[in-house]
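Work through the exercises below with the sequence and the model in view. Try each task before reading its solution.

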Amino acid sequence: MSSMNDTSADTRAATGRTRPARPLRGLLVTGLGATLAAVAATTITAALARAAGVDFEIPDGGEAIPLPGFAVVTGFFALVGVVIATALLRWSSRPAERFGWTAGSLTAISLVPPFLVGASSATVAALVGLHLVPAAVMIPILTRALRARTA
């Protein structure tokens, strides 16, 4: 007596797919929600910094970074993080661990440019903080989601 579940498991094994597509969709939904949260948190933090007197002026161009700029860049790189997490879920044997190391390394690298643009110390400090805010939102959420889908 053969059940339908046995047949689909055999098909997945024969095609090399060991994980069903459903965890990928769940991770994407979680990742998109985390992206929205990271964008909101970063934009609100930038608005609060601006209200506290940080001008976000970059000397090279002489213009201040607008609030929507923070939202767009945060959204883009948060989605890159979701793509990385999705790829690791699909192709890594330890996706949560690999994602943690990758995201932590990329966050550390992202902290360097604020020091190189020649902005005021208040702007540099705010920009470093604004790199850490979305990381503090995205990394734990995606790491937990990856652990839940591979347990």
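**Exercise 1. A buried threonine**

Task: Find which residues Thr107 touches, not counting residues up to four places away in sequence.

Solution. This is a predicted model. Step 1: list the contacts; outside its own stretch of chain, Thr107 touches Leu132, Ala135 and Ile139. Step 2: place the residue; Thr107 sits in helix α4. Step 3: judge its accessibility. The cut-off for buried is under 20% relative accessible area. Thr107 has 15% relative accessibility, so it counts as buried. Step 4: look at the polar end of the side chain. The side chain of Thr107 reaches the backbone oxygen of Ala103 at 2.8 Å.

**Exercise 2. The helix around that threonine**

Task: State which residues of α4 are buried and how they are arranged around the helix axis.

Solution. Step 1: check the length. With 16 residues, α4 reaches 22 Å from its first C-alpha to its last, close to the 22 Å expected at 1.5 Å a residue. Step 2: collect the buried residues, which are Pro95, Ala96, Phe99, Ala103 and Thr107. Step 3: look down the axis of α4. The buried residues fall within an arc of 85°, so they line one face of the helix. Step 4: recall the geometry behind this. An α-helix has 3.6 residues a turn, so residues three or four places apart point the same way. Step 5: turn to the other side of α4, where Trp101 and Ile109 are exposed. Step 6: ask what lies over the buried residues of α4; the cover includes α3 and α6.

**Exercise 3. Two neighbours in α2**

Task: Decide whether Thr35 is buried or exposed, and do likewise for Leu36.

Solution. Step 1: locate both residues. Thr35 is found in helix α2, and Leu36 is placed in helix α2 as well. Step 2: apply the cut-offs, which are under 20% for buried and over 50% for exposed. Thr35, at 6% relative accessibility, counts as buried. Leu36 has a relative accessible area of 64% and is therefore exposed. Step 3: find the surroundings of Thr35. Leaving aside neighbours within four places in sequence, Thr35 is in contact with Gly75, Ala78, Leu79, Val82 and Met138. A polar atom of the Thr35 side chain lies 2.8 Å from the backbone oxygen of Gly31. Step 4: look across from Leu36. Its C-alpha atom and that of Thr74 are separated by 9.4 Å, although these residues are 38 apart along the chain.

Step 5: extend the view to the helix. The 30 residues of α2 should span 44 Å at 1.5 Å a residue, and the end C-alpha atoms are 44 Å apart, which agrees. Its buried residues include Leu24, Leu27, Ala38, Val39 and Ala46. Among the elements covering the buried residues of α2 are α3 and α6. Just after α2, Gly53 takes a positive phi of about 110°.

**Exercise 4. The nonpolar core**

Task: Identify which residues touch the most other members of the largest nonpolar core.

Solution. Step 1: of the 19 residues in this core, Leu27, Ala85, Leu89, Phe99, Met138, Leu142 and Leu146 touch the most other members. Step 2: trace where the core comes from. At least two residues each are supplied by α2 (22-51), α3 (67-91), α4 (95-110) and α6 (121-150). The most is given by α6, with seven residues. Step 3: look for a separate group. Another core, of 12 residues, lies apart from it, and Phe70, Ala119, Val128 and Leu130 are among its members. Step 4: relate this to a general tendency. In soluble globular proteins, nonpolar side chains tend to be buried together.

**Exercise 5. Charges and the whole chain**

Task: Say how many salt bridges the structure holds.

Solution. Step 1: the structure holds one salt bridge. Step 2: name the partners. Arg94 pairs with Glu97, the closest N and O atoms being 3.5 Å apart. Step 3: check both for accessibility. Arg94, at 41%, counts as partly exposed, and Glu97, at 37%, counts as partly exposed too.

Step 4: finish with the chain. The secondary structure comes to six helices and zero strands. Of the 151 residues, 31% count as buried. Among contacts between residues at least 6 apart in sequence, 73% join residues at least 24 apart.

Definitions and conventions
Residues are numbered from 1 along each chain as its sequence is written. This is a predicted model: local features need pLDDT of at least 70, side-chain atom pairs count only at pLDDT 80 or more; totals for chains, interfaces and linings use all residues. Side-chain values use heavy atoms; hydrogens and water are left out. A nonpolar core is a set of buried Ala, Val, Leu, Ile, Met, Phe, Trp, Tyr and Cys residues joined through side-chain atoms within 4.5 Å. Buried means under 20% relative accessible area, exposed over 50%, partly exposed in between (1.4 Å probe, protein chains only). Helices (H or I, at least four residues) and strands (E, at least two) are DSSP runs, numbered from the N terminus. The expected span of a helix is 1.5 Å times one less than its number of residues. The arc is that of the directions from the helix axis to the C-beta atoms. Contact means heavy atoms within 4.5 Å. A polar contact is a pair of N or O atoms within 3.5 Å; within protein, one must be able to donate a hydrogen and the other to accept it, and residues adjacent in sequence count only if both atoms are side-chain atoms. A salt bridge is a side-chain nitrogen of Lys or Arg within 4 Å of a carboxyl oxygen of Asp or Glu.
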